[in-house]
Protein chains: 2
Amino acid sequence: MQKPTLPKGTRDFGPEQMSKRLFIFDTIRETFKRFGFQPLETPSMENLSTLTGKYGDEGDQLLFKILNSGDFSANITELDLASGSKKLTPKISEKGLRYDLTVPFARYVVINRNALTLPFKRYQMQPVWRADRPQRGRYREFYQCDADVVGTDSLLCEAEIVLMIHEVFRNLNIQDFTLKINNRKILAGIAEVIGVPGQEGTLSVAIDKLDKIGQEKVLDELRGRGFTEDTLSKLDPLFSFGTLDLTTTLNQLKTWLSVSDLASKGIAELEETLLFVRQYGLANARVEFDPTLARGLSYYTGAIFEVKANGVSIGSVSGGGRYDNLTGAFGMPGLSGVGISFGVDRIYDVMDELNLFPASAGQGTQVLIVPFDSEARSVALPLLSKLRVANIAAEMYPDLTKVKKMLDYANARAIPFVVLIGSEEVQTGVLTLKNMLTGEQHKLTAGELVTRLE
Amino acid sequence: MQKPTLPKGTRDFGPEQMSKRLFIFDTIRETFKRFGFQPLETPSMENLSTLTGKYGDEGDQLLFKILNSGDFSANITELDLASGSKKLTPKISEKGLRYDLTVPFARYVVINRNALTLPFKRYQMQPVWRADRPQRGRYREFYQCDADVVGTDSLLCEAEIVLMIHEVFRNLNIQDFTLKINNRKILAGIAEVIGVPGQEGTLSVAIDKLDKIGQEKVLDELRGRGFTEDTLSKLDPLFSFGTLDLTTTLNQLKTWLSVSDLASKGIAELEETLLFVRQYGLANARVEFDPTLARGLSYYTGAIFEVKANGVSIGSVSGGGRYDNLTGAFGMPGLSGVGISFGVDRIYDVMDELNLFPASAGQGTQVLIVPFDSEARSVALPLLSKLRVANIAAEMYPDLTKVKKMLDYANARAIPFVVLIGSEEVQTGVLTLKNMLTGEQHKLTAGELVTRLE
């Protein structure tokens, strides 16, 4: 008999991990709800025609494809076989697994365009799948938690994203984080000013790596993509903003990019967003304007966001931005929107490493009833019902066995309280409540016991 | 541009459906927690070696298989191609999508056998996938919500399942349901008594259809499987219990099956389970003993359960039972357990048809702020923050537009309250709260408004 294994890059989440993960999910969901976002779920499978071509060539390679049901091989000729996997795939697979939540959301909006009230605010918390090479912190199945609003270009939405980020991380007890903000129009303006108008995409992909590979290698990459030395020398000011305060940075940027209307618009949007954040009354906002923040994704056209937790070397835990044409690929152009995505797996790693989970996050059963014999059960059963009516998670050890074994079970499960019921307890109706952490014991009636644990 | 479509048998769940589904999920999850079950999640993909052979030939056909990544066709020879899809599959696919939550649970227990504390109580709420022919009420992706306890054969666990079923359905407001219970050992005893010992599996599969196809066709099916007329005539008593009360049924059954030790054990288990249910103090228990209840699945060995909602013609909404060898297929024999599964999709259909969802289940945003101009926003923004701090789901219409358009948005979203802010409100600080259902308006300060909506 072969011992079963898990597919590479996938994980089980046992009770302790799950309880903590649920704490993260619940916190994010509650925040989304308070901000008026509505839940949406889309199928795990999408037609490959929906997914293909949306994530670049590399993304297409990383899509998990589902083998057609039934006699799929009947359609394959020897010629198909000879022409290789890439050409063979569409003959035997027409569905793939969700790669992100953005494309399915765009697909949903297009299908339901006539029924939806705009602006449409939705959140979505579901797993996505990527056939990436598994490595530390990178999995083939992981959760995304996205909130987007489409059908409005109001910068209030950007401000609300800043607020939501603060609320999520503060509620998660991640106090020390950095939220960087930039605007793609500023990057587009830079492309104009250095003489490569329209090439802000290439510029963004390279600058996005500044943190990881440094200025020299970013410039090397741009050289490789055909940027001249003259062009690159004009980029110098971009790398000099690091240590300046917000007002100085903005002023220098305005001077540098004054000839670009696009850049001016981007700067104005940024200033208005930050003004709205102040008007909301957000205390101690952790927003940093970073003109080198780029975010690789090509569809952003306005504000971009990125959040990192300080004190750990884990990548960004949240990111997003404004886009103007998300549904264009499905024949519905001109719908503007802005969104934010929280990465639960990385947030978990941050909280685990910094020991930030509250004790209650792992809390399962609160009290275990330990009956000494079958007579004790007749007292235990109605007590169990009473505890549960009072919304106290309670269980009884199901087998009659040694008391020590039952107490070991309580300890292994980290159940904080046990109720001991022996013959004395059956006769008097006074039960013994034991605190498993302190060892303290109290004699209580069933009613007192419920009140005490409530 | 081709309009995007959804794969056959899959669904989007928009905001209204999702809010209602979340109400069902939350209710089930809270009940599982109160009864001491701990959360578990397993990957959507499992190795095909884990899944294949666990669901019968038909089940194997219905597994969704994932095409191997990379150059999968390099391993295919022309001979492979000629030998058909079934033989080709293992060459190009080594993973499949989860078909149920039971096999992944068994796989999890086996992998973690040394780390788990027994008895192990877990719940799991995740989608499963089946390449079934889509039809009304049958989907290719649907959720299961399972709770199982393994590592004990205590009948208290069966009693707790009866209690959980009552608690879930009562909390869902499904008051009128029928919970049928039987015991596979009684069916095994019947097989003995009618002269086909060990054939309770065949018997169960046929009797399982009694509700749908009637007594005559059940007998026909058994004839087709080689049961003689003599054997079948001995089955007569089984069909006569329908109208009798519990005590009479049990007495007649005891007489009929007195020669079978297995049947006697099954009857004793049933009686003890019902006794425990009474000791728990469950009022108005809706448990019906039905000796013709069979449940098709082959792995049940003790109690079996099935729940139907009365007043709708929707199949069973919940079912489960005891098994003795769930992990045997993975080399870990002799682990007894009992479980229950709730079908969220069917529960949704029942509640929808009977109009049982509470108004709060669909409740999203509670209040929309309607600013008449940009000055009004400066009053609106801190108010929004105040509302959200008080845990009130609140939003502001993000664009400055006609008041009518904003009120239409509130109505389309079924937002029950709006706050109107014009120049008078900005000057006096006294805001207008409008109830969108009744049209009633109240003048309130920001503080009063928050208190009123809390």
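## Around Asp100

Setting aside residues up to four places away in sequence, A:Asp100 contacts A:Tyr55, A:Val128, A:Arg130 and A:Gln144. The model is predicted. A:Asp100 sits in the loop that runs between strand E4 (95–97) and helix H6 (102–111) of chain A. Is A:Asp100 buried or exposed? Its relative accessibility is 8%, so A:Asp100 counts as buried.

A polar atom of the A:Asp100 side chain lies 3.2 Å from the backbone nitrogen of A:Thr102. A:Thr102 itself belongs to helix H6 of chain A. A:Thr102 counts as buried because its relative accessibility is 10%. Which residues does A:Thr102 touch, not counting those up to four places away in sequence? They are A:Asp146, A:Tyr299 and A:Leu326.

## What the record lists

An unreviewed UniProt entry lists a "binding site" that includes A:Asp100 and A:Thr102. A:Leu101 is on that UniProt list too. From the contacts of A:Asp100, A:Arg130 and A:Gln144 are also among the positions UniProt lists. From the contacts of A:Thr102, A:Tyr299 is likewise listed by UniProt. The UniProt list also holds A:Asp148, A:Arg295 and A:Tyr300.

## Two copies, one axis

Two copies of a chain are related by a rotation about an axis and a shift along it. Here, a turn of 180° and a shift of 0.0 Å along the axis lay chain A on chain B, with an RMSD of 0.1 Å. The relation is therefore that of a two-fold axis. Which C-alpha of chain A is nearest the axis? It is that of A:Ile66, 2.2 Å away from the axis. Both copies use the same surface: 100% of the contact residues of chain A recur in chain B.

## The interface

The size of an interface is often given as the accessible area lost when the parts come together. Between chain A and chain B the buried area is about 8700 Å². Carbon and sulfur atoms give 60% of that area. A:Arg34, A:Glu41 and A:Arg388 supply 8% of the area that chain A buries against chain B, more than any other three residues. The contact takes 103 residues from chain A and 103 residues from chain B.

How many salt bridges are counted between chain A and chain B? The count is six. In a salt bridge, the side chain of B:Arg388 meets that of A:Glu160, at 2.9 Å from N to O. Polar contacts across the interface join 36 residue pairs, both residues at pLDDT 80 or more. On the side of chain A that touches chain B, helix H1 (residues 15–34) of chain A gives the most, with seven residues.

## Helix H12 and the loop after it

In chain B, B:Thr255 is part of helix H12 (residues 246–256). B:Thr255 counts as exposed because its relative accessibility is 61%. B:Thr255 and B:Phe35 lie 220 residues apart in sequence. In space, their C-alpha atoms are 37 Å apart.

In chain A, A:Ser260 is placed in the loop between helix H12 (246–256) and helix H13 (261–279). A:Ser260 has 1% relative accessibility, so it counts as buried. A polar atom of the A:Ser260 side chain lies 3.0 Å from the backbone nitrogen of A:Ala263. Leaving aside neighbours within four places in sequence, A:Ser260 contacts A:Gly189, A:Glu192 and A:Val193.

Terms used
Residues are numbered from 1 along each chain as its sequence is written. Chains are lettered from A and ligands numbered from 1 in the order in which they are written. This is a predicted model: local features need pLDDT of at least 70, side-chain atom pairs count only at pLDDT 80 or more; totals for chains, interfaces and linings use all residues. Side-chain values use heavy atoms; hydrogens and water are left out. UniProt positions are given in the numbering used here, feature names are shortened, and annotations may be inferred rather than shown by experiment. Helices (H or I, at least four residues) and strands (E, at least two) are DSSP runs, numbered from the N terminus. Buried means under 20% relative accessible area, exposed over 50%, partly exposed in between (1.4 Å probe, protein chains only). Contact means heavy atoms within 4.5 Å. A polar contact is a pair of N or O atoms within 3.5 Å; within protein, one must be able to donate a hydrogen and the other to accept it, and residues adjacent in sequence count only if both atoms are side-chain atoms. Copies are superposed by least squares on the C-alpha atoms of residues with pLDDT of at least 70 in both. Buried area is the accessible area (1.4 Å probe) that two parts lose on being put together, summed over both. A salt bridge is a side-chain nitrogen of Lys or Arg within 4 Å of a carboxyl oxygen of Asp or Glu.
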